Amino acid sequence: MGQEEQQPATWRMRLSSHARPYLVYSNGPHKGKYVHRVTVEIALGRRLHRWEVVHHSDGDKLNNDHSNLTVMTLAEHARLHGRQIVRPRDRVGRYAHAAAP
């Protein structure tokens with residue numbers, strides 16, 4: 001047989017230790033890595049440092065579009081969330097929309 005056809009990388013849902021969903025690659029060269037971190041690493045052209053975190057600007061952990069992701073330090077991220085108004089989240093961790101009056 002000839003060369004095996006390389007399968008495209010895919011992701012799967014995985015719950016992090018604080019029970020918030022993040023997408024994780026299930027195969028390929030990024031297997032086991034969070035999709036949002038790989039997305040930013042590719043855009044920056046470098047690997048992220050351990051002390052760098054990726055913030056989802058719209059609060060939707062499933063929205064891994066580069067325009068929704070911001071790299072910051074852990075301290076900056078903690079300050080950001082400390083100032084935010086706590087909003088309810090749906091069962092997959094996205095901010096719940098306010099009910100219409």
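Strand 3, which spans residues 52–56, is mostly covered, since five of its five residues are buried. The model is a predicted one, and the points below take up this strand and its partner, then helix 1, and finally the aromatic pair that the structure holds.

**Strand 3 and its partner**

- Side chains in a regular strand alternate between the two faces of the sheet.
- In strand 3, E52, V54 and H56 point one way while V53 and H55 point the other way, and all of these residues are buried.
- Strand 3 runs antiparallel to strand 4 (residues 69–73), and five bridges join the two.
- Within strand 4, T70 is the bridge partner of H55, a residue of strand 3 that is itself buried.

**Helix 1**

- The buried residues of helix 1 are V35, H36, V38, V40 and E41.
- After helix 1 comes G45, a residue whose phi is positive, with a value near 75°.

**The aromatic pair**

- The structure holds one aromatic pair, formed by Y22 and Y34 in an edge-to-face arrangement, with 5.6 Å from centre to centre and 65° between the planes.
- Because Y22 lies in strand 2 (residues 21–25) and Y34 in the loop between strand 2 and helix 1 (35–44), the pair ties together parts that are 12 residues apart in sequence.
- Y22 has a relative accessible area of 12% and is therefore buried, whereas Y34, with a relative accessible area of 23%, is partly exposed.

Technical notes. Residues numbered from 1 in each chain as written. Predicted model: local features only at pLDDT ≥ 70, side-chain atom pairs only at ≥ 80, totals over all residues. Heavy atoms only, no water. Phe/Tyr/Trp six-rings, centres within 6.5 Å; stacked < 30°, edge-to-face > 60°. Helix = DSSP H or I, 4+ residues; strand = E, 2+ residues; numbered from the N terminus. Buried < 20%, exposed > 50% of the residue type's maximum accessible area, 1.4 Å probe, protein only. Pairing = 2+ DSSP bridges.
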